[in-house]
Amino acid sequence: MELDRIDAGQAFDFGKTASAYAAYRDIYPRELYDRLRALGVAADGTAWLDLGTGTGVLPKNLYNPRAQITGADIAAEQIRFAREEAARNGWRIRYIVSPAEKTGLPDHSFDTITAAQCFWYFDREVMRAELRRLLRPGGTFIKIAMDWDLDDPIAAESVRLVGRHNPNWTGGGGIGADIYDDLFPGRQTEAFRAALPFSRERWHGRMCACRGTLASMDAETFRAWERAHLDFLDRCPESFTVKHKIYISSFILNESENKNV
C-alpha cells in the first residue's frame with residue numbers, strides 16, 4: 001500500500017507483519033471492550049462488521065455466538081491468521097479479504113461497524129458513502145484509535161529508534177485529526193488512558209508489528225533497527241508498563257442519512 005498523505009508516500013505492507021501482529025498486537029485494555037459493548041458492538045441478535053480487522057483482535061475479544069460477526073482486511077496474510085484462530089476455537093466469525101472501500105457486502109446489513117487503528121488509511125469520502133450503504137438505519141459506526149504516550153520513556157526511545165532508521169515514518173498516522181473528524185453528524189468522542197503491561201519480548205514484538213518497521217523496512221534496515229532496539233531493551237526492566245491513550249468516536253446514522261444510498 002502506498003498513500004501520499006502517510007510517511008511521505010513510503011510503501012508499506014501489513015501482510016509482512018502478520019506473524020508479529022498475531023503474536024503481539026492483542027494489547028487493547030479490557031476497558032475498551034467494555035465501552036464497545038456498551039455501544040452495542042456484538043450485542044445479541046445484531047450484525048457487526050469490523051473493518052481493517054487484521055488478525056481479528058476485536059472479533060475474538062468481543063466474540064458473542066448470538067451475534068453475526070464479519071471481519072474484513074486487505075491483507076490476506078493477516079486474514080489467514082484470523083481464520084485459523086477462529087477455527088481452532090470454534091468461533092463462528094466470517095473473515096473476508098477486501099479493501100474497506102469495496103467490501104461487496106449487502107446493502108444495509110449491519111447494525112454496527114467498527115474500524116480500529118485503520119481509518120486514516122481509507123479514502124474518507126468513499127468510506128462515507130460505503131458506511132451509509134452498509135449500515136442499517138439507526139446503525140452505529142465506531143472509530144477506535146490507541147497511541148503510545150511519548151511522555152513514557154520506553155515508548156519515546158522506541159519511537160526515536162524507529163525514526164532514526166526509517167525517517168519517513170510519521171508514527172500513528174494522524175490519530176488526532178481522524179478521531180475528532182465529523183464524518184457524520186452527532187459525533188460522540190471519549191478518551192481515556194491506560195498503562196499497558198509488557199515484557200521486553202512483547203514490547204519488541206509490538207514494535208515489529210508497527211507500520212514503521214516490518215511493514216516498510218527492507219531486510220537490512222530492519223536488522224539494524226532490531227539490533228538497536230534490543231540493545232536498548234536490554235537496559236530496561238524485564239517487565240514494565242507503557243502509557244497509552246485510547247480514543248473512541250461513534251456516530252449513529254439516522255434514516256435520512258441512509259435513504260439515498
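Helices (H or I, at least four residues) and strands (E, at least two) are DSSP runs, numbered from the N terminus.

**View 1. Overview of the chain, with ten helices and seven strands.**
This is a predicted model, in which local features need pLDDT of at least 70 and side-chain atom pairs count only at pLDDT 80 or more, whereas totals for chains, interfaces and linings use all residues. Residues are numbered from 1 along each chain as its sequence is written, and side-chain values use heavy atoms, with hydrogens and water left out. The radius of gyration, taken over C-alpha atoms, is 18 Å, which agrees with the value near 18 Å that a compact globule of 261 residues would have (the globule rule is 2.2 Å times the number of residues to the power 0.38). Along the principal axes, the C-alpha atoms of the chain fill a box of roughly 55 × 40 × 30 Å. Among contacts (heavy atoms within 4.5 Å) between residues at least 6 apart in sequence, 78% join residues at least 24 apart. The accessible surface of the chain, from the Shrake-Rupley method with a 1.4 Å probe, comes to about 11600 Å², and 49% of this area belongs to carbon and sulfur atoms. The chain carries 34 positive charges (Lys and Arg) and 37 negative charges (Asp and Glu), and the mean positions of these two sets are 2 Å apart.

**View 2. The nonpolar interior around Leu 36, one of the residues that touch the most other members of the largest core.**
Of the 261 residues of the chain, 55% count as buried, that is, under 20% relative accessible area, with exposed meaning over 50% and partly exposed in between. A nonpolar core is a set of buried Ala, Val, Leu, Ile, Met, Phe, Trp, Tyr and Cys residues joined through side-chain atoms within 4.5 Å. The largest such core has 52 residues, and Leu 36, Leu 58 and Trp 203 touch the most other members. Once neighbours within four places in sequence are left aside, Leu 36 is in contact with Val 41, Leu 58 and Leu 62, and also with Ile 142, Ile 144 and Ile 248. A second core of 31 residues is separate, and Ile 113, Phe 141, Ala 145 and Phe 184 are among its members.

**View 3. The loop between helix H2 (30–38) and strand S1 (47–51), where Ala 42 is found.**
Ala 42 has a phi near 65 degrees, a positive value in a residue other than glycine, and this alanine counts as buried because its relative accessibility is 6%. Asp 44 also has its place in the loop between H2 and S1, but at 48% relative accessibility Asp 44 counts as partly exposed. Not counting residues up to four places away in sequence, Asp 44 touches Asn 64 and Arg 66. Between Asp 44 and Tyr 95, which are 51 residues apart in sequence, the C-alpha to C-alpha distance is 19 Å.

**View 4. Arg 30 in helix H2.**
With a relative accessible area of 45%, Arg 30 is partly exposed. Its contacts, apart from neighbours within four places in sequence, are with Arg 37 and Asn 61. Asp 147 is 117 residues away from Arg 30 in sequence, and the two C-alpha atoms lie 16 Å apart in space.

**View 5. Helix H4 (residues 76–89), in which Arg 80 lies.**
Glu 77 is likewise found in helix H4, and at 36% relative accessibility this glutamate counts as partly exposed. Leaving aside neighbours within four places in sequence, Glu 77 is in contact with Gly 15 and Ala 18, while its C-alpha atom is 31 Å from that of Phe 251, a residue 174 places away in sequence. Arg 80 is partly exposed, with a relative accessible area of 43%. The C-alpha atoms of Arg 80 and Val 97 are separated by 9.2 Å, with their positions 17 residues apart along the chain.

**View 6. Glu 130 in helix H5 (residues 124–134).**
Although it carries a charge in the count used here, Glu 130 is buried, with a relative accessible area of 9%. Beyond its neighbours within four places in sequence, Glu 130 is in contact with Ala 100, Glu 101, Lys 102 and Thr 103.

**View 7. Ala 8 in the segment before helix H1 (18–24).**
Phi of Ala 8 is near 55 degrees, again a positive value in a residue other than glycine. With a relative accessible area of 65%, Ala 8 is exposed, whereas Ala 42 of View 3 is buried.

Notes: Buried means under 20% relative accessible area, exposed over 50%, partly exposed in between (1.4 Å probe, protein chains only). The place of a charge is taken as NZ of Lys, CZ of Arg, CG of Asp or CD of Glu.
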